[in-house]
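Here is a structure to read through in questions and answers. Each answer sets a value against the definition behind the word.

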Amino acid sequence: MTLSNPLNDDLDLDNVSLVHGTDTNKDYVLNYSEGTGSDRSSALSKYITKRVDLETAAPILKIIFEVNLPTEADIKVYARTTPLNDADFDSLEWKLVTPEDAEQGVPKTNDPNKFIRVEYEYSDVSVSGEIEKFLSFAVKIEMLSSNSLKFPKIKNIKAIAVT
């Protein structure tokens, strides 16, 4: 990779990744990490729920919220689940969750006062093709933007375990 901007001479180019942007406006992050890692992510703005323990195992997690998403912005939603009351829950990987209407994606708007309801549904399918039930879950939402003045806003977050 060749960088057009003169960066620090000590920069290890093997650990620099293009996060997003156009050819003229690129954001580079050292040691870039996707949001699926158990211990870190390169997104600067994220919301992470506390771990929720259920009394009865559930196969489906619905995540519902209202979002104001400018055209320069994006969001990523992740879930972490476990079939056990695992003491090592925080070391589990996050799994990317797609919107229920994945073909349309999350609607974008340039009206800063317009919030649109979006729904996500997560289930974990085992190797045998069966949906695995979980007893604990957490949700993470990463908010990304190529313009620091136009960023995602989220409200009325609900996470519902469906039995």
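**Reading the terms**

Asn 156 lies in strand β12, residues 153-162. The model is predicted, so local features need pLDDT of at least 70 and side-chain atom pairs count only at pLDDT 80 or more, while totals for chains, interfaces and linings use all residues. Residues are numbered from 1 along each chain as its sequence is written, and side-chain values use heavy atoms, with hydrogens and water left out.

Q: What makes a stretch such as β12 a strand?
A: A strand is a DSSP run of E with at least two residues, a helix is a run of H or I with at least four, and both are numbered from the N terminus. Strand β12 covers residues 153-162. The protein has 12 strands and 0 helices.

Q: Why is Asn 156 called partly exposed?
A: Buried means under 20% relative accessible area, exposed means over 50%, and partly exposed is in between (1.4 Å probe, protein chains only). Asn 156 has a relative accessible area of 42%, so the residue is partly exposed.

Q: What is notable about the phi of Asn 156?
A: Its value is near 55°, which is positive in a residue other than glycine. Most residues other than glycine have a negative phi.

Q: How do you know that β5 and β12 pair?
A: Two strands pair if DSSP finds at least two bridges between them. Strand β5 (residues 60-68) and β12 have 8 bridges, in the antiparallel sense. Asn 68 stands opposite Lys 153 in β12.

Q: Why are β8 and β12 said to stand at the edges?
A: The open sheet has 3 strands in the order β8-β5-β12, with antiparallel pairing. Strands β8 (116-122) and β12 each have a single partner strand, so one side of each is left without a neighbour in the sheet. The twist averages 15° from one strand to the next, taken between axes that are lines fitted to C-alpha atoms (for helices over the stretch in contact), with angles from 0 to 180 degrees between N-to-C directions.

Q: What makes Lys 62 and Glu 121 a salt bridge?
A: A salt bridge is a side-chain nitrogen of Lys or Arg within 4 Å of a carboxyl oxygen of Asp or Glu. The closest N and O atoms of Lys 62 and Glu 121 are 3.3 Å apart, and the pair forms a salt bridge. The two residues are 59 residues apart, with Lys 62 in strand β5 and Glu 121 in strand β8. Glu 121 has 37% relative accessibility, so Glu 121 counts as partly exposed.

Q: Are Arg 117 and Glu 119, which meet in a salt bridge at 2.9 Å from N to O, exposed or partly exposed?
A: Arg 117 has a relative accessible area of 54%, so Arg 117 is exposed. Glu 119 is at 25%, so Glu 119 counts as partly exposed.

Q: Why are Lys 140 and Glu 142 classed as they are?
A: Lys 140 has a relative accessible area of 2%, so Lys 140 is buried. Glu 142 is at 3% and therefore also counts as buried. Their side chains meet in a salt bridge, at 3.8 Å from N to O. Elsewhere, salt bridges that share partners join Lys 62, Glu 100, Arg 117, Glu 119 and Glu 121 into one network.

Q: How many salt bridges does a search of the whole structure find?
A: The search finds 9 salt bridges.
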